[in-house]
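Here are some friendly exercises, each with a worked solution. Keep the sequence and the 3D view open, and try each task before reading on.

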Amino acid sequence: MDKFVINGGKKLFGEISVPKAKNSYLAILAGCVLSSGVVVLHDCPQFVDVSKMLDILSILGAKVKKRDRDVEIDCRYISNYKVPQDLARQIRSSIFLLGPIIGRLKKALVSYPGGCDIGSRPIDLHLKGLRTLNVEINEKFGMIECEAHELKGNDFHLDYPSVGATENIMMAGVLAKGRTRIFNAAKEPEIVDLQNFINKMGGKIIGAGTDTIIVEGVESLSSCEYTPMADRIIAGTYLLAGATCGGDILVKDVKACHIYSLLNKLKDAGFDIKIKSDSIRLASSKRPVSFGKIETMPYPGFPTDMQPQALVLQTISSGVCIVTENLFETRLKHVPELVKMGANITMKDRMAIITGVDTLYGTEVCSTDLRAGAALTIAGMQAQGQTVVTNIHNIDRGYEKLDEAFCKLGADIKRV
Ligand code: UD1
């Protein structure tokens with residue numbers, strides 16, 4: 001198993017570009033199944049989860065070709081409705097394939113999905129939504145078997161604005177007969193990106209980004225070229241690294257409006273932030289001041305995917321911060337690892353109370369999930385002495401060579 005060996009204490013300086021978004025790419029790749037044409041996606045990021053989704057598409061019958069940073073997916077011959085169990089269990093987003101496969105082939109067989117171990121992550125809302133669209137679902141032996149002789153558009157109210165369930169039902173509605181309306185939909189920018197992609201292929205969706213999405217069913221979708229949005233979580237990770245380690249960094253190819261919840265907190269904590277149309281500069285020369293409170297919420301609230309990295313910044317900021325993780329019940333596993341590094345944190349249920357210390361100290365810590373791994377890497381970059389982060393395969397699921405990206409800014413990280 002690879003590890004990061006980090007010699008901490010280096011400030012970060014320089015420019016860095018943000019790759020395209022994992023969560024957009026995964027949903028859009030699932031959406032390719034709806035197309036009866038050839039899709040070209042630009043700037044495909046090299047995340048492990050993205051290559052696993054491409055492997056699944058190949059097994060379903062798509063012809064996948066990579067050309068430099070682009071990927072061409074010929075979806076004309078998709079005919080296999082069974083998602084291979086071993087791959088489905090490795091990525092959470094395999095469940096997003098249910099809606100598109102049923103839309104295209106009227107049948108789908110998928111196992112319960114895998115993904116980061118951050119909570120129970122039920123899929124009841126996905127299944128309830130699909131049933132509303134006239135899909136018959138049987139769950140046995142860990143498999144989900146779906147059949148719909150005729151997909152019928154319908155109204156569906158989500159009990160909770162789940163990102164994945166919104167995307168799944170939206171995609172199922174695309175080739176359904178009639179109109180589907182999703183109420184209390186998730187409003188994440190990646191859902192707007194998925195809408196734009198589907199509409200570029202001839203879909204008729206409006207409302208993504210608001211809490212009501214309306215999908216008018218169409219007969220079929222055709223070919224298109226598309227460039228998905230930049231990864232707002234990676235942009236936030238870079239900014240939080242700059243804030244935690246000190247220095248002056250320019251994060252390029254990012255839209256500030258996608259991460260206002262973070263930028264507002266950084267500004268309130270006294271960081272010098274300069275926003276341009278597609279870049280954000282963060283400079284820090286003195287000890288950071290605590291955010292006071294971080295509470296994760298659906299978009300546009302503070303993202304759960306940035307909670308671990310923001311929590312690390314709090315460990316060395318002056319003052320006390322209360323972090324509440326509302327979305328995923330076990331997404332504070334990085335806390336005991338940070339305590340090993342000298343952080344002063346007490347925990348109560350889904351809450352971490354952090355009293356800032358002057359510095360962290362290097363030791364061996366374990367990356368328990370994707371964002372926790374990024375957070376512990378940042379902690380190691382701040383810490384005095386040497387930190388070893390183990391289980392970094394979790395980090396590669398959603399970051400493109402995070403070690404090299406940080407080294408470009410002046411960090412000292414070796415992958416061994
Ligand atoms: C997506 C993102 C993930 C992010 C999360 C929340 C992708 C590939 N992943 O995950 O990075 O952390 O949004 O922003 O886009 N829930 C149910 N029943 C369901 C579905 C969800 O109870 O059927 C609950 C979950 O347990 C969780 C909450 O809803 O508490 C939010 O989950 P959801 O928005 O569905 O997250 P994902 O789509 O899995």
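**Exercise 1. Decide whether Q307 is buried, partly exposed or exposed, and find what it touches.**

Step 1. Bear in mind that you are looking at a predicted model. Locate Q307 in helix α10, which covers residues 307-315.

Step 2. Compare its accessibility with the cut-off: a residue is buried when its relative accessible area is under 20%. Q307 has a relative accessible area of 0%, so it counts as buried.

Step 3. Look for contacts, leaving out neighbours within four places in sequence. Q307 then touches T296, F302, V323, E325, R331, L332 and H334.

**Exercise 2. Work out the strand order of the open sheet that contains β6, β7 and β8, and say which strands stand at its edges.**

Step 1. Start with the pairings. Five bridges join β6 to β8, and five bridges also join β7 to β8. In both cases the two strands run antiparallel.

Step 2. Check a bridge on each side of β8. K107 has E147 as its bridge partner in β8, while K140 is partnered in β8 by M143.

Step 3. Put the order together. The three strands form an open sheet in the order β6-β8-β7, with antiparallel pairing. β6 (107-111) and β7 each have a single partner strand, so they are the edges, and one side of each has no neighbour in the sheet. From one strand to the next, the twist averages 15°.

Step 4. Recall the background to these pairings. Strands of a sheet pair through backbone hydrogen bonds, and they can do so in a parallel or an antiparallel way.

Step 5. Ask how well β6 is covered. Although β6 stands at an edge, four of its five residues are buried, so it is mostly covered.

**Exercise 3. Find the helices α4 and α5 on this sheet, and explore the surroundings of α5.**

Step 1. Begin with α4. This helix packs on the sheet by touching β6 and β8, and its direction makes about 155° with that of β6.

Step 2. Move to α5, which packs on the sheet by touching β7 and β8. The direction of α5 makes about 145° with that of β7.

Step 3. Pick out the buried residues of α5 (residues 124-132). These are L125, H126, L127, G129 and L130.

Step 4. See what covers them. The cover includes α4 (98-105), β7 (136-140), β8 (143-147), β9 (155-157) and α6 (163-174).

Step 5. Follow one link in this cover. G164 is found in helix α6, and, beyond its neighbours within four places in sequence, G164 is in contact with F96 and H126. Its relative accessibility is 10%, so G164 counts as buried.

Step 6. Glance at the stretch just after α5. There, N134 takes a positive phi of about 75°.

**Exercise 4. Examine the salt bridges R181-D155 and R287-D358: where do the partners lie, and how exposed are they?**

Step 1. Recall the principle. Side chains of opposite charge can pair when their charged atoms come close. The structure holds 22 salt bridges.

Step 2. Take the side chains of R181 and D155, which meet at 2.8 Å, N to O. R181 lies in strand β10 (residues 179-183) and D155 in strand β9, so the pair ties together parts that are 26 residues apart in sequence.

Step 3. Judge their exposure. R181, at 29% relative accessibility, counts as partly exposed, and D155, at 35%, also counts as partly exposed.

Step 4. Turn to R287 and D358, whose closest N and O atoms are 3.4 Å apart. R287 lies in the loop between β16 (279-284) and β17 (293-295), and D358 in the loop between β20 and β21 (364-366), so this pair ties together parts that are 71 residues apart in sequence.

Step 5. Judge these two as well. R287 is partly exposed at 38% relative accessibility, whereas D358 is exposed, with 65% relative accessible area.

**Exercise 5. Identify the residues that form a nonpolar surface patch with M351.**

Step 1. Find M351 in strand β20 (residues 351-355). At 30% relative accessibility, M351 counts as partly exposed.

Step 2. Name its companions. V320 and I322 form the patch with M351, and together the three have about 210 Å² of accessible area.

Terms used. Residues are numbered from 1 along each chain as its sequence is written. This is a predicted model: local features need pLDDT of at least 70, side-chain atom pairs count only at pLDDT 80 or more; totals for chains, interfaces and linings use all residues. Side-chain values use heavy atoms; hydrogens and water are left out. Buried means under 20% relative accessible area, exposed over 50%, partly exposed in between (1.4 Å probe, protein chains only). Contact means heavy atoms within 4.5 Å. Patches are made of residues with over 30% relative accessible area and no salt bridge: like charges are joined within 9 Å, nonpolar side chains (Val, Leu, Ile, Met, Phe, Trp, Tyr) within 5 Å. Accessible areas come from the Shrake-Rupley method with a 1.4 Å probe; for residues, only the protein chains shown count as cover. A salt bridge is a side-chain nitrogen of Lys or Arg within 4 Å of a carboxyl oxygen of Asp or Glu. Two strands pair if DSSP finds at least two bridges between them. Axes are lines fitted to C-alpha atoms, for helices over the stretch in contact, and angles run from 0 to 180 degrees between N-to-C directions.
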